[in-house]
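Biologist: Could you take me through one part of this model at close range, starting with a salt bridge and working outward from there? I would like the cut-offs along the way, please.

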Amino acid sequence: MEKNYKDIKVDLLLQKTGTDLNDKSTFPSTAVDFEGDLLVPFIGKYKTADDYYRDISSFHRIPNIKVPFFIMNSFDDPIIGEACIDFDIFKTNENVILATTKYGGHLGYFEDVLGDEQWFIQPVFKFLDVYNEAEWEWLIYNTFWTYDD
């Protein structure tokens, strides 16, 4: 019987990490365990999960951002919460604005528990409005106007 793509992936994961996806008792119980026990060994280029996180993190890219950039993060984000935010790195680049909120979760910012409206749109559009006004002011003050008489 010919193996399908899913079976090949399961076999490869078992070979590289020792975890059998068909055996639930060996499967990691948290996202951190999943990444440390399965993803990092599977990728094969990192020694630890911390090495992996450091490499994929955006914090070392922030100083190189050349355009206005708005980042919003909530302190209660279960994946990238307050402890993960390097506040000092944001001070190194005037193009980057970091907005933090007490609540919002991970990719959340819902108006209410049962609703599907998300309020993050309001501060994003406010940022874009301010940026747009600043761009127009720059154009007005930095453009040489000539008039034909």
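Modeller: Happy to! Let's start with Asp55, which forms a salt bridge with Lys45, their closest N and O atoms being 3.9 Å apart. A salt bridge here is a side-chain nitrogen of Lys or Arg within 4 Å of a carboxyl oxygen of Asp or Glu. The pair links distant parts of the chain: Asp55 sits in helix α3 (residues 49-56), while Lys45 is in the loop between α2 (31-43) and α3, ten residues apart. Helices (H or I, at least four residues) and strands (E, at least two) are DSSP runs, numbered from the N terminus.

Before going further, a word on the source: this is a predicted model, in which local features need pLDDT of at least 70 and side-chain atom pairs count only at pLDDT 80 or more, while totals for chains, interfaces and linings use all residues. Residues are numbered from 1 along each chain as its sequence is written, and side-chain values use heavy atoms, with hydrogens and water left out.

How covered are the two partners? Lys45 counts as exposed because its relative accessibility is 60%, whereas Asp55 is partly exposed, with a relative accessible area of 33%. The classes are buried under 20% relative accessible area, exposed over 50% and partly exposed in between (1.4 Å probe, protein chains only).

Helix α3 holds another salt bridge, between Asp51 and Arg54, with the closest N and O atoms 3.0 Å apart. These two are three residues apart in the helix, so about one helical turn separates them. Asp51 is partly exposed at 27% relative accessibility, and Arg54 is partly exposed at 47%.

Now for the aromatic rings around this part. Tyr46, Tyr52 and Tyr53 form one aromatic cluster. Rings of Phe, Tyr and Trp (its six-membered ring) pair if their centres lie within 6.5 Å; planes under 30 degrees apart count as stacked, over 60 as edge-to-face and the rest as tilted. By this rule the protein has four aromatic pairs. One of them is Tyr52 with Tyr53, a tilted pair at 5.7 Å centre to centre and 50° between the planes. Tyr52 counts as buried because its relative accessibility is 12%, while Tyr53, at 28%, counts as partly exposed.

Moving along the chain, Phe75 and Phe87 form an edge-to-face pair, 6.4 Å centre to centre with 70° between the planes. This pair also links distant parts of the chain: Phe75 lies in the loop between β1 (69-74) and α4 (87-90), Phe87 lies in helix α4, and the two are twelve residues apart. Both rings fall in the middle class, Phe75 being partly exposed at 30% relative accessibility and Phe87 partly exposed at 34%. Asp88 forms a salt bridge with Lys91, the closest N and O atoms being 3.5 Å apart, and Lys91 is exposed at 66%. The count of salt bridges comes to three.

To set this part in its surroundings, the protein has five helices and two strands, running α-α-α-β-α-β-α from the N terminus. Buried residues make up 20% of its 149 residues.
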